[in-house]
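Grab a pencil and try each exercise yourself before you read its solution. Have the sequence and the 3D view open while you work.

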Amino acid sequence: MDPNDADLASKIGQALVTTHDYNKAVVYYRNAVASDPNKTFLRHDLAHLYWRLGSYDKAEQTLKEAFNQRKQQVEDVAGTMDKVKSMLLLAKVHKSASDMKSA
């Protein structure tokens, strides 16, 4: 298995979530993000997992890191779609954290 294969990393992370092995999934996603910080969709997956676990601060921080990373990348249609997905997730995070001003 190639540790730099972001698609495979995402599928393994999703499989761990499906099997309810959330702690292992968090560690896996964090390691995958650390190995390739340019894969912002991995950050989105990690933020989504944090949100589902009720770790709203970590979810927000991970999404902000993804936004900062995207600023350094060329915007294309796929990148714009990912950005919109992340913004929607950020609104859910704020709503779940009862932070309606930021949502």
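Below are six exercises on this predicted model, each with a worked solution.

**Exercise 1. Find out how many helices and strands the protein has, and write down their order.**

Solution.
- Step 1: Count the elements. You should get five helices and zero strands.
- Step 2: Walk along the sequence and note each element as you meet it. The pattern reads α-α-α-α-α.

**Exercise 2. Work out whether the radius of gyration agrees with that of a compact globule.**

Solution.
- Step 1: Start from the chain length, which is 103 residues.
- Step 2: For that length, the expected radius of gyration of a compact globule is near 13 Å.
- Step 3: Compare this with the model. The protein has 13 Å, so the two agree.
- Step 4: Add the outline. Along the principal axes, the C-alpha trace spans about 45 × 35 × 20 Å.
- Step 5: Look at burial too: 33% of the 103 residues are buried.
- Step 6: Finish with the surface. The accessible surface comes to about 6,500 Å², and carbon and sulfur atoms hold 53% of that.

**Exercise 3. Decide whether His-44 is buried or exposed, and list what it touches.**

Solution.
- Step 1: Place the residue. His-44 sits in helix H3, which covers residues 40-52.
- Step 2: Check the accessibility. His-44 has 10% relative accessibility, and the cut-off for buried is under 20%, so His-44 counts as buried.
- Step 3: Skip residues up to four places away in sequence and list the rest. His-44 touches Leu-63, Lys-85, Ser-86 and Leu-89.
- Step 4: Zoom in on Ser-86. Its side chain and that of His-44 are joined by a polar contact of 3.2 Å.

**Exercise 4. Now take two other residues of helix H3, Arg-43 and Asp-45, and describe their surroundings.**

Solution.
- Step 1: Check burial. Arg-43 has a relative accessible area of 9%, so it is buried. Asp-45 is buried as well, with 17%.
- Step 2: List contacts, leaving aside neighbours within four places in sequence. Arg-43 is in contact with Val-33, Pro-37, Thr-62, Glu-65, Ala-66 and Gln-69. For Asp-45, the list is Ser-10, Gln-14 and Tyr-29.
- Step 3: Put sequence gaps beside C-alpha distances. Arg-43 and Lys-64 are 21 residues apart in sequence and 9.5 Å apart in space. Asp-45 and Gln-73 are 28 residues apart in sequence and 19 Å apart in space.

**Exercise 5. Say where His-20 is found and what sign its phi has.**

Solution.
- Step 1: Locate the residue. His-20 is in the loop between helix H1 (6-18) and helix H2 (22-35).
- Step 2: Read the backbone angle. Phi of His-20 is near 65 degrees, which is a positive value, and this residue isn't a glycine.
- Step 3: Recall the usual picture: most residues other than glycine have a negative phi.
- Step 4: Check the accessibility. With a relative accessible area of 56%, His-20 is exposed.

**Exercise 6. Find how far apart in space the C-alpha atoms of Ala-97 and Trp-51 are.**

Solution.
- Step 1: Place Ala-97. You'll find Ala-97 in the segment after helix H5 (77-96).
- Step 2: Check its accessibility. At 38%, Ala-97 counts as partly exposed.
- Step 3: Take the distance. Ala-97 and Trp-51 are 46 residues apart along the chain, and their C-alpha atoms are separated by 9.5 Å.
- Step 4: Zoom out to the whole protein. Among contacts between residues at least 6 apart in sequence, 47% join residues at least 24 apart.

Conventions: Residues are numbered from 1 along each chain as its sequence is written. This is a predicted model: local features need pLDDT of at least 70, side-chain atom pairs count only at pLDDT 80 or more; totals for chains, interfaces and linings use all residues. Side-chain values use heavy atoms; hydrogens and water are left out. Helices (H or I, at least four residues) and strands (E, at least two) are DSSP runs, numbered from the N terminus. The radius of gyration is taken over C-alpha atoms; the globule rule is 2.2 Å times the number of residues to the power 0.38. Buried means under 20% relative accessible area, exposed over 50%, partly exposed in between (1.4 Å probe, protein chains only). Contact means heavy atoms within 4.5 Å. Accessible areas come from the Shrake-Rupley method with a 1.4 Å probe; for residues, only the protein chains shown count as cover. A polar contact is a pair of N or O atoms within 3.5 Å; within protein, one must be able to donate a hydrogen and the other to accept it, and residues adjacent in sequence count only if both atoms are side-chain atoms.
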